[in-house]
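Student: I am new to this structure and should be grateful for a close look at a single part of it.

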Amino acid sequence: TLIVLLVMTAYPLIFTFVYSFTDYNYLKGTENASFVLFDNYVSLFKNGYFQQAVWNTIKFTILAVVLEMALGLLIAVFVNSLKRGQKIMRTLLLLPYLLPAVTVALSWRMMLSPNYGIVNQVLQALHLPVFNWFSDIRTAFGMLVLIDVWQSAPFVFLLLYAALQSVPQGQYEAARIDGANSLKILFYVTIPNIKNSLALCALLRTIDSFRLFDKVNLLTGG
């Protein structure tokens, strides 16, 4: 296992880091590479496209993670409170997360197509303005956030729902006896008991959102 990790992870990382200080060209090979120190990094950070991409990524990550955490928590609390139908709801809610990212992107691209998409057809029938959702700078970013939330909120729901199973029911009963309403029970009983799971979800979703590429490339071409 150690050898596999070294070959597949450590070596590529070290190789990339070392040769980032050179003018290494993949076609010319390593023997023709010469050190240029920080020239590559200076040109990278001065590049306007790179700066905009970093800002877009940070903004996307913050919005997506906050929305996914809030929505996932609300869904988990709601499903956990159901007396019947929890198994059916769990299955239905997890379906978006089980789909491959490419399938999700292509499905949404068809639904939001400016020519034959069902969303624009409904808007036209209601005499509302239609958009070229993935080509219009006013809507493309929001649609990417919406699609990522739609697919990834079930992951947050799954982890938080599992964490809710370990919350002692006695605490809920004591809170109700003391006259606490649903909001106070959420903030003073539920969240404190699952705070570790919330932190884990936030960390995993931040990592995953920050490296998003496939949906952006397929839907907007960058």
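Tutor: The following account describes one pair of helices and then the nonpolar core. This is a predicted model, in which local features need pLDDT of at least 70 and side-chain atom pairs count only at pLDDT 80 or more, while totals for chains, interfaces and linings use all residues. Residues are numbered from 1 along each chain as its sequence is written, and side-chain values use heavy atoms, with hydrogens and water left out.

Helices here are DSSP runs (H or I, at least four residues), numbered from the N terminus. The axes of α8 (residues 169–177) and α9 (residues 182–193), lines fitted to C-alpha atoms over the stretch in contact, come within 10 Å and cross at roughly 165 degrees. The two helices are therefore roughly antiparallel, a term for angles over 145 degrees. From α8, Gln171, Tyr172, Ala175 and Arg176 make the contact, and from α9, Ile185, Val189, Thr190 and Asn193; contact means heavy atoms within 4.5 Å.

Both helices also give two or more residues to the largest nonpolar core, as do α3 (48–81), α7 (140–164) and α10 (195–210). Such a core is a set of buried Ala, Val, Leu, Ile, Met, Phe, Trp, Tyr and Cys residues joined through side-chain atoms within 4.5 Å, where buried means under 20% relative accessible area. Of its 21 residues, Leu160 and Ile194 touch the most other members. The largest share, seven residues, comes from α7. Not counting residues up to four places away in sequence, Leu160 touches Gly72, Leu73, Ala76, Ile194, Ser197, Leu198 and Cys201.

Note on methods. Axes fitted to C-alpha atoms, helices over the stretch in contact; angles between N-to-C directions. Parallel < 35°, antiparallel > 145°, perpendicular 65-115°, else oblique. Buried < 20%, exposed > 50% of the residue type's maximum accessible area, 1.4 Å probe, protein only.
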